[in-house]
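Work through these short exercises with the structure open beside you. Try each task before you read its solution.

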Amino acid sequence: EIEQQNLVVKLHSVALYLCMFSRMVSSIGYYGLSLSITSLAGNKYLNLFLGGVLELPAYCAAVFILNR
């Protein structure tokens with residue numbers, strides 16, 4: 001009984017650390033791309049507009065995914 005509870009706690013801890021790590025990596029990637037989008041080659045205003053257009057479907061998808 002105690003060993004099984006310890007195993008469950010360890011598995012939850014591993015899952016928590018994996019979620020924290022994936023959140024950190026995705027946040028770093030998102031902010032890195034969003035802050036450097038105007039320094040890409042081409043027109044910086046067009047790049048900013050395209051970045052905003054690409055974020056709209058992501059926001060809509062996030063609403064549907066989080067409401068499941």
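Helices are DSSP runs of H or I with at least four residues, numbered from the N terminus. Keep in mind that this is a predicted model.

**Exercise 1.** State how many helices and strands the chain has, then place N47.

Solution. Start with the count: the chain holds 2 helices and 0 strands. Now find N47. Its helix is α2, which covers residues 44-66.

**Exercise 2.** Decide whether N47 is buried or exposed, and list what N47 touches.

Solution. Take the cut-off: buried means under 20% relative accessible area. N47 has 12%, so N47 is buried. Next, leave out residues up to four places away in sequence. The contacts of N47 are then I37, L40, A41 and G42.

**Exercise 3.** Find the aromatic pair and classify its geometry.

Solution. The whole structure gives 1 aromatic pair. Its members are Y30 and Y31, with ring centres 5.2 Å apart. Pairing needs centres within 6.5 Å, and planes over 60 degrees apart count as edge-to-face. The planes of Y30 and Y31 stand at 70°, so this pair is edge-to-face. Check Y30 for exposure too: its relative accessibility is 38%, so Y30 is partly exposed.

**Exercise 4.** Compare the chain with a compact globule of 68 residues.

Solution. Such a globule would have a radius of gyration near 11 Å. The chain has 19 Å. Look at the spans next: the C-alpha trace covers about 65 × 25 × 10 Å along its principal axes. Finish with burial: 4% of the 68 residues count as buried.

Definitions and conventions: Residues numbered from 1 in each chain as written. Predicted model: local features only at pLDDT ≥ 70, side-chain atom pairs only at ≥ 80, totals over all residues. Heavy atoms only, no water. Rg over C-alpha atoms; globule rule 2.2 N^0.38 Å. Buried < 20%, exposed > 50% of the residue type's maximum accessible area, 1.4 Å probe, protein only. Phe/Tyr/Trp six-rings, centres within 6.5 Å; stacked < 30°, edge-to-face > 60°. Contact = heavy atoms within 4.5 Å.
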